[in-house]
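Visitor: Please walk me through this model, one question at a time. I would like the terms explained as we go.

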Amino acid sequence: MKFYSQLFLLTFLFFSVVHSAPSDSCTNIHQEVELRKQHLTTFLQSLNALLGGTGAQEVPLSVLFQVDFTNADQVAKRKTELSTYENPEAIKKLPEFSAWIACAKSVPLKTAVDEVISVFLEVNHKKLDFFNLDGEKRKDYANSYEASRRKGESDSQFSLELQKSQIALEKAQKDLLSSEVQSAQGTTVHNEDILIARSAVEKYLVDIESEYIFYIHQLKEKKDRLNNLQQRVSALATEVQGQTAPEVSGQFQQVNTLWEEAVDSIFQVFSHVDLKTNYQIPEPLGFSGADSDDEQKNYEEYVTKYKKARDRTTQLSQHKSDLLNQLKAQNFKLLSDVGSMRAALLSRCDRMVGCERARGLTNANIENIAREIKVLPLRYMAGGLSKWLEIKAKFVSGVEGWLDISRQSLILIVLFLIPFFLIKLLNWSSQSIDTFRKNLLSRSMLDYRRRTQFAVWIARLNPFLPSVGMVIAVMVARSLLETTDLKEFSSLLFYAQIYFIYKTFRILLKIFLEVVFSTDSVDKIKEQKLRIEKSARSISRLIFIEYALLHFIEDTVRRALIYNLVQEFIFWLNVFFIFYETNKWRQEIKSSFAYRFPALSQRLQGLDSSSVVFLFLPLLFGGIVIHDAFRFVSSHLLRLDMVKRVLSEVLRRRLESEDGVSKVEPPQEYLDYFDYYMPAKKEFFVDRDISIAHTIHDSLIAWLNHKPTDDLVVIVGNRGMGKTTTLNRIYGDLPPGTDALFERVKPKILSQKHLYVWLSEITGTSITSVQDFKNWDKNLTQRKIFFIDDIQNLFIGKISGFSAYETFIDVISLRTQNVFWCLTVNSQSWAFLRGIFGQEHFYGRVVELKPWRDYEIQRLILARHSRTHYQRTFDDSIRAYGAGESVGQQAEAQFFRLLWGQSRGNPRSALMYWVSAVSSPSRQHIHVGVPSFVSSSAVSTMSDDALFILAAIARHDSLTHEELQEITGIPDNVIRKCIKEAHDKNLVWSDKEERIRISSRAQYVVDYFLIGKNFLYE
């Protein structure tokens, strides 16, 4: 059956390839349709057998479904694919069927195609029926199917071997009879010796073939018993669905009986089947030379027979070993399957109230524990014994057997030598890296801080190199060993892998204990390190010995009686070990606990003199570990922006609940340094970690030097994000003599005429068309840079309100040679313009200003504050939420994190919050209190008209009352009422030109609320 399955698989793959690209020719359509029908019929028979019906289990499940049953995503995807072909019309659209239908002209051929479609449809329905089964049910059906298929293959193999051996025996018997007849008629002494020797060889062939047939029958008997046991296990596996305690109890008893029989079966295979032969091949005949042609002919026949006997001995020895190993593997598979069922039912029974089974040291349990103990070493002993018998059989199989033994021995020696050399190599690498670290500190040209940081990381990671390297090496060795004849050693290498993982864990545990029990005493450092090393070694050894033991038991007999017994013993051993080990570190634990929890330690001082203090040591140590773990995790979480925002919001809510106090406004000389609507002066300009000003400045210098680069840069940022300041910084840092112009677009330039007037002003020539600007560029003798701020003032969101902006786009899109444009635009306006004109409505480089980090906000405010020479103190309501050794520094860090979180990284908003928080109780003194926050409820309670008006202002940066009316179409009295409400809630403000703007303190609340309500788009 195995041969036919392989032939079927090859046919299936070939057929799939042929039909993956249907041929245009109709020559072979009859053959293709017939072959497809046979293929689908075989599939249908296998599916019927899988789902509990009749049929041959010929097709492997991997070929039937082409999916991993344990992967839910793959199963769902396959179901979706199959569901698309649930009717004949859908199947006819497949390339192979549409090609056949196009070629089918005669009625018989059309009928044959329809039959194939019908079988294809039935196969799909059967597959969907299987996929729609419950996961456990599907698994049981699959296991039963594969077990039956393996049984069929095995039975077929036994029958084939028996048939071959019987034919060989009959031939050997005929040859023996012929040899004996010729021997009786021998004429010369030499000829008689040759014929007698040949008869001995023929008799040897008869003996080994008879012995092999007996061996086959012996294995067949054990295989039949195994098949019967497998069928009973498969039948019971589909019934193990009990929910009540009596049902589970009964099923456990049945499965336990099957497990006992499986144990007895596997021991019979190992103890009652012997590979050793009782016959030895005769010694070869010594022959000096033939006296006649007849003698020469007989001798040549003898040599041929002898070689055949030697080859047949090797062949039968290999067949015996292969068949026995297959039977052992099948027994192990059955033992593993029924052991898993037994362990699962045992666990369920122990969790259910009223589930009866033999508990305690009853006769039945003692017998089963003894069985489990007997099975434990069998997995590895059986592998070794099987390998030894295989090698022993090859000792007598001639040169070929010895060559194979030599080859496998060489592989084994190499596999043992490779780890040895690899350990040496890894240790040498570790020492070389440590030497490099020392040279890095003493001889490197790197700056001190960087080389020290590198050296620290090398010192931390280098101890792990040998053990981690060996873990990876053993993993690779295991995967390679699985492909050789020595795969039995692969499971042993798993424990070698555990050993090197243990060494890695021991280093980690040592580091952990050094952190927990750190000491300031130089005298005690060496002694304490030795104690830590000893404790780390003993703890690690205990953990990994227990793990290896439990894995060894689970891998062989699953989590059953002996596993539970050992697990319970390990639990109480660990409890004892914890108290024993913590008692060794009594003083260190108490001092470490007192350092971390001083108040609680004072209350527990009475325990020091108590005789039961050792009972509390594990709890104290657990408190130390939890405290340190919390500190470690929190210190790393605080580096995440999301966590900072959450803490900022928590602090804001706490501070809002504090009682307010009257403030004395700071003097004007202090506030002048915090004019948040003017660009920052050079003396307190903050260079960010990623400086856009430097990047654009470099591009400008490259362009001035006639290097290929973009001649247009647009800086996009929210209101108050620093667009004008960045533009001013770039403009101020240009080399002397550079022809550059800084100009702000005044609100609002809306028509082509006004745009050309403005262009004429900044160019110093008359510009009345786009061509005029192009001609002006050609006549320039020196390259010129235009810094244009606030280009959102070139449009208004109404029909015909984009004329100036469209013309400006035409101008800046010209292929000029001597003009560089550096522009800024509000991010909300930019999103609005891209929505109207498209994402790429001009060619140039777009640079977005990212939100500032918390420490950048702190540097921004302190750089301005330091210029005032004012002292600063923080309100008690802020200091109360500080922590650590330096409360002042903690309070300051908390406050600036609060400003950063509430401003969402907007520097202008942060400056406004700072100004709203400070007061001046005395000369040259600033007191920092609670900032004036804008609540989201101020926006959420406004009407839709008010929100629509706020959205229009946000899109345009600033608008007058008349422009608002033009854009929104809202009545004048409604606009006035909504603007007054927004003014009263500090959401908007009006500049000296009576243009209405969103307040920087409120813009985060306003923008995010409008985005959430779909009045604005990001």
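Guide: A salt bridge here is a side-chain nitrogen of Lys or Arg within 4 Å of a carboxyl oxygen of Asp or Glu. The model is predicted, so local features need pLDDT of at least 70 and side-chain atom pairs count only at pLDDT 80 or more, while totals for chains, interfaces and linings use all residues. Residues are numbered from 1 along each chain as its sequence is written, and side-chain values use heavy atoms, with hydrogens and water left out.

Visitor: With which residue does E533 form a salt bridge?
Guide: The closest N and O atoms of the pair are 3.9 Å apart. E533 lies in helix α18 (residues 522-557) and its partner in helix α17 (residues 490-516), so the contact ties together parts that are 27 residues apart in sequence. Helices (H or I, at least four residues) and strands (E, at least two) are DSSP runs, numbered from the N terminus. The partner of E533 is R506.

Visitor: Is E533 buried or exposed?
Guide: Buried means under 20% relative accessible area, exposed over 50%, and partly exposed in between (1.4 Å probe, protein chains only). R506 has 21%, so R506 counts as partly exposed. E533 has a relative accessible area of 18%, so E533 is buried.

Visitor: Which residue of helix α20 does R531 tie to α18?
Guide: R531 lies in α18 and its partner in α20 (residues 586-596), so the pair joins parts that are 57 residues apart in sequence. The closest N and O atoms are 2.8 Å apart. R531 is partly exposed at 27%. The partner, buried at 17%, is E588.

Visitor: Which side chain meets K784 in a salt bridge?
Guide: The N to O distance is 2.9 Å. K784 sits in strand β3 and its partner in strand β2, 45 residues apart. K784 is buried at 12%. The partner, partly exposed at 24%, is D739.

Visitor: How many of the residues of strand β1 are buried?
Guide: β1 spans residues 712-717. L712, V714 and V716 point one way, V713, I715 and G717 the other way, and all are buried. The strand is therefore largely enclosed by the rest of the structure, and the buried count is six of the six.

Visitor: Which residue is the bridge partner of V714 in β4?
Guide: Two strands pair if DSSP finds at least two bridges between them. β1 and β4 (residues 819-826) run parallel and are joined by six bridges. β1 also pairs with β5 (residues 845-848) in the parallel sense, over four bridges. In β4, the partner of V714 is L823.

Visitor: What is the strand order of the open sheet of three strands?
Guide: Its pairing is mixed. β6 (871-874) and β7 (918-922) stand at the edges, each with a single partner strand, so one side of each has no neighbour in the sheet. Four bridges join β6 to β8 (residues 925-928), and these two run parallel. The order is β6-β8-β7.

Visitor: Which helix packs on the sheet, touching β6, β7 and β8?
Guide: Contact means heavy atoms within 4.5 Å. The helix direction makes about 35° with that of β7. Axes are lines fitted to C-alpha atoms, for helices over the stretch in contact, and angles run from 0 to 180 degrees between N-to-C directions. The helix, residues 907-917, is α34.
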